[in-house]
Amino acid sequence: MQDFETAMADIHKLDPAKRVNYSFGLVLGVDEFLQEQTHLLEKFRRHDRMLHGFGTVCGLKVTVPMDVDPPEARVAAGLAVSPGGFEICVPNVMCAKLNDWLKANRPALVARFGSFPTTVATCVVLCYRECATDIVPIPGEPCRSDDDAMAPSRIAESFELKLCLPETEIGSPPWTSPPIGSPPIEDGLCACPTPSARKLGEIEFGRLLRRIDIAVTATPFATMGQLEAAVRAILDIIGGAVPSPPSGTLGVHPDHAREMLLAIARVWTTDVLPELLQRDKEKLCGAACNTCVLLADLHIKVAANGTVQGGPSGVTVDDTRRPILLATSLLQEWLLSNGPLAV
């Protein structure tokens, strides 16, 4: 029987808003270095999620090759940013054997979709993960066992690819074995990511901008108050209080376009966006909502024996719900070519 435990250093609570104030004579310990990392990591991730958004940046195309049987879902190499601002890099092509996945998860799939034959709706999800690696010896201390004398010296930023079910209340068990390069997958529910309140709000804001007609003949002209009210109405639209988004043109005279557009941007930034972020926070959906991003939906025709019916042709890939994140340089060229700055 063991009555004593290994003594651990008292690590202060890490605060992303603080950075270490280095000075001569300052004693540096583990907590100082962890605090520095916490500050910088949160700064980078906040920059990505607040100034850029989230989605696929490059690659990560999902395919089911017609010349491979038994069928498999493949994800190409690429880069994505999660809603929490986590950068996720997939360095190589990854694959999932669909027949193996169906066999391993048959009880959960039958409970969700009914007895086979049936059609299984699932989705491909990419998540950010970290792995402790590079085990090295560390100095011994009193009451420390041999196992405690070794510790990982590095944290590798990695990823996890998995197939999930569309319903949030029912999840699919994880893959029987993780893909190469991905850390082990823990047991638990796995649900397809749903659009955040912020993303839905951005879609409605874009729809509002498309309704604006800047022209001398665009009468009747909308007032400043009407435009500001239209931006605030986005909260009611995505909240379900308004049955359908408004339609119709909002006329703006060219002489007043700048101040009108600035007013719209101001109301979005100061009034609407903070409320959308608060709604996302109140969803209490867990860390997975911030670290994972949707790549594609799969519709799998399953035969009575629990395998994909018709081979690769029995799987349909739909990536229309995949969020996309365009580079600023590309948006600049788009604006210069097709926007108000086009020459």
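**Exercise 1. In this predicted model, decide whether Phe86 is buried or exposed, then find its aromatic partner.**

*Step 1.* Start with the accessibility of Phe86, which is 16% in relative terms. Buried means under 20%, so Phe86 counts as buried.

*Step 2.* Now look for ring partners. The whole structure holds 2 aromatic pairs. In one of them, the ring centres of Phe86 and Tyr128 are 4.8 Å apart and the planes meet at 40°, so this pair is tilted.

*Step 3.* Place both residues on the chain. Phe86 belongs to the loop between strand E4 (78-81) and strand E5 (87-90), while Tyr128 is part of strand E7 (residues 118-137), so the pair ties together parts that are 42 residues apart in sequence.

*Step 4.* Check the partner too: Tyr128 has 6% relative accessibility and therefore counts as buried.

**Exercise 2. Describe how the rings of Phe205 and Trp268 are arranged, and say which helices they come from.**

*Step 1.* Begin with the geometry. Phe205 and Trp268 make a tilted aromatic pair, with 4.9 Å from centre to centre and 35° between the planes.

*Step 2.* Next, find the helices. Phe205 is in helix H4 (residues 197-211) and Trp268 in helix H6 (residues 257-282), so their pairing ties together parts 63 residues apart in sequence.

*Step 3.* Finish with burial: both Phe205 and Trp268 are buried.

**Exercise 3. Which residues does Ile237 touch, leaving out those up to four places away in sequence?**

*Step 1.* Locate Ile237 first: you will find it in helix H5 (residues 224-239). Its relative accessible area is 14%, so Ile237 is buried.

*Step 2.* List the contacts. With those sequence neighbours left out, Ile237 touches Glu204, Val242, Pro245 and Pro246.

*Step 3.* Take Glu204 from that list. Along the chain, Glu204 and Ile237 are 33 residues apart, and their C-alpha atoms are separated by 8.1 Å.

**Exercise 4. Find the charged side chains that sit over the rings of Phe113 and Phe54.**

*Step 1.* Go to Phe113: Arg112 lies over its face, 4.7 Å from the ring centre.

*Step 2.* Then turn to Phe54. Here the charged end of Lys199 is over the ring, at 5.3 Å from the centre.

**Exercise 5. Which residues form a nonpolar surface patch with Leu330, and is Leu330 itself buried or partly exposed?**

*Step 1.* Name the members: Leu330 shares the patch with Ile324, Leu326, Leu331 and Trp334, and together they have about 480 Å² of accessible area.

*Step 2.* Look at Leu330 in helix H8 (residues 328-338). Its relative accessibility is 44%, so Leu330 counts as partly exposed.

Notes:
Residues are numbered from 1 along each chain as its sequence is written. This is a predicted model: local features need pLDDT of at least 70, side-chain atom pairs count only at pLDDT 80 or more; totals for chains, interfaces and linings use all residues. Side-chain values use heavy atoms; hydrogens and water are left out. Helices (H or I, at least four residues) and strands (E, at least two) are DSSP runs, numbered from the N terminus. Buried means under 20% relative accessible area, exposed over 50%, partly exposed in between (1.4 Å probe, protein chains only). Contact means heavy atoms within 4.5 Å. Rings of Phe, Tyr and Trp (its six-membered ring) pair if their centres lie within 6.5 Å; planes under 30 degrees apart count as stacked, over 60 as edge-to-face and the rest as tilted. A charge sits over a ring if NZ of Lys or CZ of Arg is within 6 Å of the ring centre and within 35 degrees of the ring normal.
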